[in-house]
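Open your viewer and get comfortable with the selection tool. We will move from stop to stop, picking a few residues each time.

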Amino acid sequence: MSSTSPEPATNESLPAGLYIVATPIGNLGDITLRAIDVLKRCDRVACEDTRVTGKLLKHLGISKPLQRYDDHALDSVRDRLIAQMRSEAITLVSDAGTPLVSDPGYDLVRLAREAGVSVTTIPGACAAIAGLTLSGLPNDRFLFAGFLPVKEKARGEALAELAGVQATLVFYESGPRLVKSLTAIGEVLPGREVAVARELTKLHEECRTGSAGDLAAHYTAHPPKGEIVLLVGPPAHVEASAEDADGMLREALATMKTSQAAAHVAKATGLDRKQLYARAMELKDQ
Ligand code: SAM
């Protein structure tokens, strides 16, 4: 059996390297035992905002040197941190949740790995996953797409690009932009089941599901406060019979190559592309 217990609580300092530590997304009780242990035993904490992380550490009774770090950090700051990781245990945290997930850290982790520095992850809260689990939407396949673009045209294009993805789509969203995004989803991805997961793990946690139109109407009447994860269910498969599929393949073959026709019908029906390709070859020979 692999070890499932946290490292034993000790005051010994940690081996040098980079430690990616997830922190709570609202409820401070969601800090993990390992996160506390690593924060206690590390030499330095690299964080997005020293005030936010300072408060968390104070709550935990921990005092450590804090180094402000984000993806716009000067190369000199990044280089210094990489150099320090060779002899010190450096913890990377963001303001809330899992670092790197729509948060700083990507460059630092890449560079640390390239430099041969040991990198360890201490997983924990992540709003995207918390929202997904609460939404009741299919979770066997999901695509996390970060924040939608702010500008209307770019937002519509981003949604259109995701229209064919057979998975639940997960976005981060803000209160003031929620209704605009819901309206765009109603237009570009009609008929989908949508969920708005708000203030996760906090006092006013709520998860509301419905059509994009109904949710847009609700949040127009009740402007949402706080932090939001917006989720869009996968496209419904058209229940296609063999005859339907043949008809669709014939129609597609009139303008497309065989492989394109098979892919097109597979996307529309959810039927197996390879089987559709074989059937399309038969239809062509008839
Ligand atoms: N790295 C973080 C994580 O693991 O969840 C996300 C950081 S991203 C800059 C912040 C966004 O995450 C917010 O704008 C919101 O969309 C979402 N978020 C964070 N905390 C949340 C919460 N408690 N409830 C709902 N959404 C949350």
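The tour below starts at the ligand, moves to one of its neighbours and ends with pairs of helices.

**Before you start**

This is a predicted model, in which local features need pLDDT of at least 70 and side-chain atom pairs count only at pLDDT 80 or more, while totals for chains, interfaces and linings use all residues. Residues are numbered from 1 along each chain as its sequence is written, and side-chain values use heavy atoms, with hydrogens and water left out.

**Stop 1: the ligand**

Select the ligand and show what surrounds it. You should find 19 residues around the ligand, where being near means having a heavy atom within 4 Å of it. The closest are T98, V101, D103, A127 and I228.

Now zoom in on T98: a polar backbone atom of this residue is 2.8 Å from an oxygen atom of the ligand. Next pick I228, whose backbone places an N or O atom 2.6 Å from a ligand oxygen. Then choose E227, where an N or O atom of the side chain is 3.2 Å from a nitrogen atom of the ligand.

**Stop 2: E227**

Stay on E227, which lies in strand β10 (residues 227-232). Strands here are DSSP runs of E with at least two residues, helices are runs of H or I with at least four, and both are numbered from the N terminus.

Which residues does E227 touch, leaving aside its neighbours within four places in sequence? Select I25, A197, R198, E199 and K202 to see them; contact means heavy atoms within 4.5 Å. With K202, the side chain of E227 makes a polar contact of 3.0 Å (a pair of N or O atoms within 3.5 Å; within protein, one must be able to donate a hydrogen and the other to accept it, and residues adjacent in sequence count only if both atoms are side-chain atoms). Add Y172 as well: its C-alpha atom is 8.4 Å from that of E227, although the two residues are 55 apart along the chain.

**Stop 3: α3 and α4**

Select helix α3 (residues 75-85) and helix α4 (residues 106-114), whose axes come within 10 Å and cross at roughly 45°. Axes are lines fitted to C-alpha atoms, for helices over the stretch in contact, and angles run from 0 to 180 degrees between N-to-C directions. The two helices, α3 and α4, are therefore oblique to each other (under 35 degrees is roughly parallel, over 145 roughly antiparallel, 65 to 115 roughly perpendicular, and the rest oblique).

Show side chains at the contact: R78, L81, I82 and M85 come from α3, and D107, L108, L111 and A112 from α4.

**Stop 4: α9, α10 and α11**

Select helix α9 (residues 242-253) together with α10: their axes come within 9 Å and cross at roughly 140°. That makes α9 oblique to α10. Here M248, L249, A252 and L253 of α9 meet several residues of α10, including T258, A261 and A262.

Finally, keep helix α10 (residues 258-269) and add helix α11 (residues 273-285), which packs against α10 at about 130° with the axes 8 Å apart. This pair, α10 and α11, is therefore oblique too. Among the residues making the contact are A262 and A266 of α10 and L276 and Y277 of α11.
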